Amino acid sequence: MTFNGYFSDGNELADKEVFDAIRSELTRQQDQIELIASENFASKEVIAALGCVMTNKYAEGYPSRRYYSGCSCVDVAENIAIERVCKLFNCKYANVQPHSGAQANLSVFYALMSPGDTFLGMGLDMGGHLTHGATPTISGKWFKSISYGINEDGLIDYDNVQKLAEEHNPKLILAGASSYSRKIDFKRFREIADSVGAYLFVDIAHYAGLVVAGLYPSPMEHAHVVSSTTHKTLRGPRGGIILTNDEVLAKKINSAVFPGVQGGPQMHSIAAKAVAFGEALRPEFKEYAKKVLENSIAMAKRLKENGLDIVSGKTECHMSIVDLTKLSVTGKIASLELEEAGITCNKNAIPFDKLPPTKTSGIRIGSAAMSTRNFGVSEFQKIADMIYTVLSNYGKSGYDDLRQRVRGEALELCRAYPLYK
């Protein structure tokens, strides 16, 4: 198949070594079951835009306010992206230039806080993201980060968030997560923020596609500022966005993104974002999001029926955190063994984990990518059975043959629902 110059064996590139790596990655994506919750498969149209000639154009600044000439065409693309994303999330202002979700979050911090200010964020070990205040990151080094977590039921402890807010008087409260499978009460977070005069900043990187489909609560009416990635459940190119309904904050955010945190925007990526936002505005995207949620629930339910625990008991989004403590396998081993069996996921800490982050007692699984390939409930139930078969038999007699058999089943499933054909 010839597509955009990168998918055809017959299309020679000047750099054969790189082409071979790209071709191998295509084969890997086609032949493995992808359960990494932060990954998805962008459409051919998104990938084509990502590889377009707009990569040649420098466009520091914003539409109609650039520092370079020759920006009339890229202005059109960026304005389309802004218009579409505002319509998607029902907001007034958007910045589509962040190169990633991490840079979007850093830009919000830059706009709303000063070094040394205090903010609350969900602890990394409780389901938060690195950029939510983890010690190794800028968010944990430049600011005083106070972590909140979850209760024994695996749910966000809102009373504790209130208590921490009153105790530390933060400048900002960050809601959102990287490995939390339940719905977040954004209204409650805003009430807590208002009670101490703090900004409410919400990161919906994982949930954005479900939010625009009306399947997960929208934070827009509660948050001062919202950030997201544009891949994951939104199914676009890798990148970030920042949203707000406050004109004053919008100006601060624009200044924080450029020149505060970034230089020239990647206009090819912004064009690809515009394409993805257009796809998400179509009725078909809501049907896709429904499948994502339905499949995620079905996979988690089947794993529980097989005897594994799901953190918080169930999922209400595209991902689940699987507790492996009943099995003689760590998250690290599980992710490696499952990859050998044709299934990719990632090791993940469970709340109050007794193992270090390099090993973990759990894995995180998601339904977004394989739902794009039209896997349905029956396929995700089968995947759950395959996961349990591999992990519950690890180290037992005949394990290698069993794992190889599961790998064959994974390949058979993938071949039944081809990718980029």
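# Working through the sheet and its surroundings

Strand β5, residues 118-122, runs parallel to β6, and the two are paired over 5 bridges. Keep in mind that this is a predicted model. Have the structure open and work through the exercises below.

**Exercise 1. Find the residue in β6 that stands opposite Leu-120, then work out which helix packs on the sheet beside β5 and β6.**

Solution.
- Start in the β5-β6 pair: opposite Leu-120 you'll find Ile-146 of β6.
- Now look for the helix. Helix α6, residues 158-168, packs on the sheet and touches β5, β6 and β7 (172-176).
- Check how α6 is oriented: its direction makes about 155° with that of β6.

**Exercise 2. Write down the strand order of the open sheet and pick out its edge strands.**

Solution.
- Walk across the sheet strand by strand. The order is β4-β10-β9-β8-β7-β5-β6, which makes 7 strands with mixed pairing.
- Look at the ends of that order. The edge strands are β4 (93-95) and β6 (144-148), and each of them pairs on one side only.
- Next comes the twist: ignoring direction, neighbouring strands here are turned by 20° against each other on average.
- A reminder on what holds such a thing together: strands of a sheet pair through backbone hydrogen bonds, in either a parallel or an antiparallel way.

**Exercise 3. Take Ala-175 and describe where it sits: which strand is it in, and is it buried or exposed?**

Solution.
- Locate Ala-175 first: it belongs to strand β7.
- Look at the partner strand. β7 and β8 pair in the parallel sense over 5 bridges, and in β8 the residue opposite Ala-175 is Val-202.
- Then do the burial check. The cut-off for buried is under 20% relative accessible area; Ala-175 has 0%, so it counts as buried.
- List the contacts. Leaving out residues up to four places away in sequence, Ala-175 touches Tyr-148, Phe-186, Phe-189, Leu-200, Phe-201, Val-202 and Asp-203.
- For a distance across the fold, try Gly-121. Its C-alpha atom is 6.6 Å from that of Ala-175, although 54 residues separate the two along the chain.
- Finish with the neighbouring strand as a whole. In β8 (residues 199-203), 4 of the 5 residues are buried, so this strand is largely enclosed by the rest of the structure.

**Exercise 4. Work out which side chains make polar contacts with the side chain of Asn-40.**

Solution.
- Place Asn-40: it lies in the loop between β1 (33-34) and α2 (44-50).
- Get its accessibility. The relative accessible area is 17%, so Asn-40 is buried.
- Go through the polar contacts. One runs to the side chain of Tyr-288 at 2.9 Å, and another to the side chain of Thr-372 at 2.7 Å.
- Widen the view to its contacts. Skipping residues up to four places away in sequence, these include Lys-232, Thr-233, Arg-235, Ala-368 and Ala-369.

**Exercise 5. Inspect the backbone at Asn-90, Tyr-420 and Pro-259: what is unusual about the phi of Asn-90 and of Tyr-420, and which peptide bond is cis?**

Solution.
- Begin with Asn-90. It isn't a glycine, yet its phi is positive, about 55°.
- Asn-90 sits in the loop between α3 (72-89) and β4. The cut-off for exposed is over 50%, so with a relative accessible area of 66% Asn-90 is exposed.
- Move to Tyr-420. Here too phi is positive, at about 55°, in a residue that is not a glycine.
- Tyr-420 is in the segment after α15 (399-416). Its relative accessible area is 12%, so this one is buried.
- Now the cis bond: it joins Phe-258 and Pro-259, with omega about 10°. Pro-259 is in helix α9, residues 247-261.

**Exercise 6. Zoom out and decide how the radius of gyration of the protein stands against the globule rule.**

Solution.
- Count the elements: the protein has 15 helices and 15 strands.
- Compare the radii. The radius of gyration is 22 Å, close to the 22 Å that the globule rule gives for 421 residues, so the protein is as compact as a globular protein of that length.
- Add the box: along the principal axes, the C-alpha atoms fill roughly 65 × 60 × 35 Å.
- Check burial over the protein: 57% of the 421 residues count as buried.
- Look at the reach of the contacts. Of those between residues at least 6 apart in sequence, 72% join residues at least 24 apart.
- End at the surface. The accessible area is about 18,100 Å², and carbon and sulfur atoms account for 49% of it.

Conventions. Residues numbered from 1 in each chain as written. Predicted model: local features only at pLDDT ≥ 70, side-chain atom pairs only at ≥ 80, totals over all residues. Heavy atoms only, no water. Pairing = 2+ DSSP bridges. Axes fitted to C-alpha atoms, helices over the stretch in contact; angles between N-to-C directions. Contact = heavy atoms within 4.5 Å. Rg over C-alpha atoms; globule rule 2.2 N^0.38 Å. Buried < 20%, exposed > 50% of the residue type's maximum accessible area, 1.4 Å probe, protein only. Areas by Shrake-Rupley, 256 points an atom, 1.4 Å probe, with all protein chains shown as cover. Polar contact = N/O pair within 3.5 Å; in protein donor to acceptor, adjacent residues only side chain to side chain.
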